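User: I am new to this structure and would like a close look at a single strand and its surroundings. Please go through its pairing and its place in the fold, then turn to the packing elsewhere.

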Amino acid sequence: MQTRILGKNGPTVSALGLGCMGMSDFYGQRDDAESIATIHHALDRGVTLLDTADMYGPFTNEELVGKAIKGRRDQVFLATKFGIVRDPANPQNRGVSGRPDYVRASCDNSLKRLGVDHIDLYYQHRVDPTVPIEETIGAMAELVTAGKVRYLGMSEASATTIERASKVHTITALQSEYSLWTRDPEENDTLALCRELGIALVAYSPLGRGFLTGAITRPEDFDADDYRRTNPRFQGENFTRNLQLVKQVEALAEEKGCSPAQLALAWVLAQGRDIVPIPGTKRRSRLDENLGALDVELSKAELASIAEIFPIEAVAGARYAPAAMAHINK
């Protein structure tokens, strides 16, 4: 397994991690047995970075991951997140909290669900605009001092917020959506600031929520409870336009002798050794396909061809529905 370092003088992790969200939420039917088998297979293949969050389920994904890593904790660099609050009566309703008391309680609850005595990387999932970032990061730093957390991260935070947070405690990683069809970290200067401060970028949804795999050809491909049915990029004309982009990626992948998913992941990997993609899957077969991207090397000419097909402005539609976009820190 190839490895990469998270942040300046940070921990070493597998070059590809595993996003576990879809095993429990948002992407249709669950199959806990196959999901646990997929996590075990990932560990067997040398994947060390597992990513979850308390809001996935909510709570059930941490329980699933905890069950899967029992007896294998020493093989795992475990990342989880707090900060998105889901209404118990209606989980579709969400808010955010960065209050210090909420930070402490969330960490303790995650430790119990995961069945571990420490979290390797603890992220603030979304920035709470009502709480100074210094207070939230200060509470997270206390968790490091207490030995409950090893490293701190942020997710979908702006460059200004990251800079302020870094003055309170070292930020090891920023988790943001980053792929061929989501280039926000390039556009909003967060990637540049991360490189200036020595912060790694952990790229979630590096396969464009599955679109870049070429497996999605029509909106009806989704289960009835799959949230992508309401995602702007999967709607109407946006879907049609984005599908044409994917077809061009499929053509490049065929020339390269790899799958579209492998090409898309290889592109993310090629953007810098300070970037660690965490493609999500709940199937062993897809995991093996994704890991094959580590063997795909893109030449300068191939990267230029991809850039021509997928310029930053190419994708149609916002990456989240308005309610979710409102929680993205700007």
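Analyst: In this predicted model, strand β8 and strand β9 (residues 149-155) run parallel and are joined by five bridges. One of the residue pairs here is Gln 124 with Met 154, its bridge partner in β9. The connection between the two strands involves helix α4 (residues 133-145): β8, α4 and β9 form a β-α-β unit that is right-handed.

β8 also pairs with strand β5 (residues 77-82), again in the parallel sense, over four bridges. Here Ala 79 has Leu 121 of β8 as its bridge partner. As for burial, six of the six residues of β8 (residues 119-124) are buried, so the strand is largely enclosed by the rest of the structure.

Met 154, the partner of Gln 124, leads on to the packing. The largest nonpolar core has 84 residues, and Met 154 is listed with Leu 18, Ile 39 and Phe 310 as touching the most other members. Helix α9 (residues 260-269) gives the most to this core, with eight residues. Apart from this core lies another, of 15 residues, with Ala 79, Ala 173, Val 276 and Ile 278 among them. In soluble globular proteins, nonpolar side chains tend to be buried together.

Phe 310 has contacts beyond four places in sequence with Leu 180, Trp 181, Arg 183, Leu 212, Leu 245, Val 249 and Val 315.

A charged residue can be placed as well. Glu 289 lies in helix α10 (residues 284-291). Its relative accessibility is 18%, and buried means under 20%, so Glu 289 counts as buried. Leaving out residues up to four places away in sequence, Glu 289 touches Ser 259, Ala 261 and Gln 262.

Definitions and conventions. Residues are numbered from 1 along each chain as its sequence is written. This is a predicted model: local features need pLDDT of at least 70, side-chain atom pairs count only at pLDDT 80 or more; totals for chains, interfaces and linings use all residues. Side-chain values use heavy atoms; hydrogens and water are left out. Buried means under 20% relative accessible area, exposed over 50%, partly exposed in between (1.4 Å probe, protein chains only). Two strands pair if DSSP finds at least two bridges between them. A crossover is right-handed if, with the strands pointing away from the viewer, the path from the first strand over the helix to the second runs clockwise. Contact means heavy atoms within 4.5 Å. A nonpolar core is a set of buried Ala, Val, Leu, Ile, Met, Phe, Trp, Tyr and Cys residues joined through side-chain atoms within 4.5 Å.
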